[in-house]
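The following note is offered to a colleague meeting this structure for the first time. The points below take up its pockets, its cores and one of its sheets in turn.

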Amino acid sequence: MNPMKGLFGLLVVSVLINIYLVVNINQLSNEVEHLIGLHFNNERNMENRLSSIDRELLELNEQNQWVTNMRFRPEVEESSSEEIVLQSEWTFREIGEDAHVTMMYRKENSSNWNEAEATLEAGTIYSSELRLNPNESYVYQIVSEGGMNRTTNEERIPEHVYQRQSLQLSKSTSRGGANIPMLFSATIHESEALFPFYEIESATATFRLEDGSEIIEPFLKNPNESEMNSQNESSRYTSTSVTSSSSLQTDTAIDEGVVEEANIWYVQLQEVGIGSVEIEVTYVDGYKLSETYHK
């Protein structure tokens, strides 16, 4: 047998095998792409179906709700730091003409219910007055007796409509090398208070130095640029800056996520050997919050 013919035959067979493999790989690639497309379409159809089911369940839940448009409004003039007066108002989808309606409410950690008579305002709209301790959380139920005996499930009275707002405080520190003063600054962003007695009356920063001494600096309320600069004239220098923010923990009081900023409180100090800073905030009603930041 001619060796050249044998080599040529092997070459032909090799080429044919490669052609076969390429064709099959292309077919396999097309099948994989087809399967990926089917999976994507199925996933998208499933997501659309789940969204549709969620909408249908939400609509069904709204249709089955006996009480709708529940609202709570604080009575500013009648409230005090010890007792908050809250007006509640809601609408029944249906209610008997001779129904006796009350709102039952209690502290979340208590089994003793308070009863507030409901007043018919118009049509199927009722209202009632609640008196709450601002430091407690509450749940409520609406009860109808008479032509229709019915009670709602327990719901929580939203704390943001009667409790003290959270305090948003940001701080910044700048450090140099050894024996180079540290610059500490802090800003309190005071939101518009629900009640006058929830407003900030004053704030101070107590700087405790490593030598055991203390420096007390008051926060400036809505300072202009010259006041901020004059609080510590020696604060202008070049160094590395580290900025962070924190919140003194109180109960948040933001109505639907929108609160207008009322005041800015600012303090700064540049000093060698600052070990810690205690910030204390005093409110009009005498309530105090404090937090300490360490070096």
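How many nonpolar, polar and charged residues are there in the lining of the second largest pocket?

1. The model under discussion is predicted. In the second largest pocket, the lining comprises 5 nonpolar, 5 polar and 2 charged residues. The volume of this pocket is about 240 Å³. Of the 12 residues that line the pocket, Trp66, Val67, Thr152, Asn153 and Glu155 lie nearest its centre. At least two lining residues come from each of E1, E7 and strand E8 (150–151).

2. The enclosed space should be considered next. The count of cavities of 30 Å³ or more comes to 1. About 100 Å³ of space lies in the largest cavity. Its lining is made up of Arg164, Gln165, Ser166, Leu167, His189, Glu190, Ser191, Ala193, Tyr198, Ile200 and Tyr283. By class, this cavity lining divides into 5 nonpolar, 4 polar and 2 charged residues. Strand E11, which covers residues 182–191, gives the most to the lining, with 3 residues.

3. The nonpolar interior deserves a separate point. The largest nonpolar core contains 27 residues, and those with the most contacts inside it are Trp90, Phe92, Val101, Leu130 and Ile157. Two or more residues are given to this core by each of strand E1 (67–74), strand E2 (84–92), strand E3 (100–107), strand E6 (125–132) and strand E7 (138–145). The most is given by E2, with 4 residues. Another core, of 22 residues, lies apart from the largest one, and Leu169, Met182, Leu209 and Ile279 are among its members.

4. One sheet may be described in more detail. This open sheet has 4 strands in the order E13-E12-E17-E18, and their pairing is antiparallel. Strand E13 (214–218) and strand E18 (288–294) each have a single partner strand and stand at the edges, so one side of each is left without a neighbour in the sheet. From one strand to the next, the twist averages 15°.

5. A final point concerns one pairing within that sheet. Strand E12, residues 200–209, pairs with E13 over 5 bridges in the antiparallel sense. Which residue of E13 is the bridge partner of threonine 204? The partner is proline 218.

Conventions:
Residues numbered from 1 in each chain as written. Predicted model: local features only at pLDDT ≥ 70, side-chain atom pairs only at ≥ 80, totals over all residues. Heavy atoms only, no water. Core = buried A, V, L, I, M, F, W, Y, C linked by side-chain atoms within 4.5 Å. Buried < 20%, exposed > 50% of the residue type's maximum accessible area, 1.4 Å probe, protein only. 1 Å grid on protein atoms, 1.4 Å probe; cavity = no way out; pocket = protein on both sides within 12 Å on 5 of 7 lines; lining within 4 Å. Points joined across faces, edges and corners; volume = space filled by probe spheres on them. Nonpolar A, V, L, I, M, F, W, Y, C, P; charged D, E, K, R; others polar. Pairing = 2+ DSSP bridges. Axes fitted to C-alpha atoms, helices over the stretch in contact; angles between N-to-C directions.
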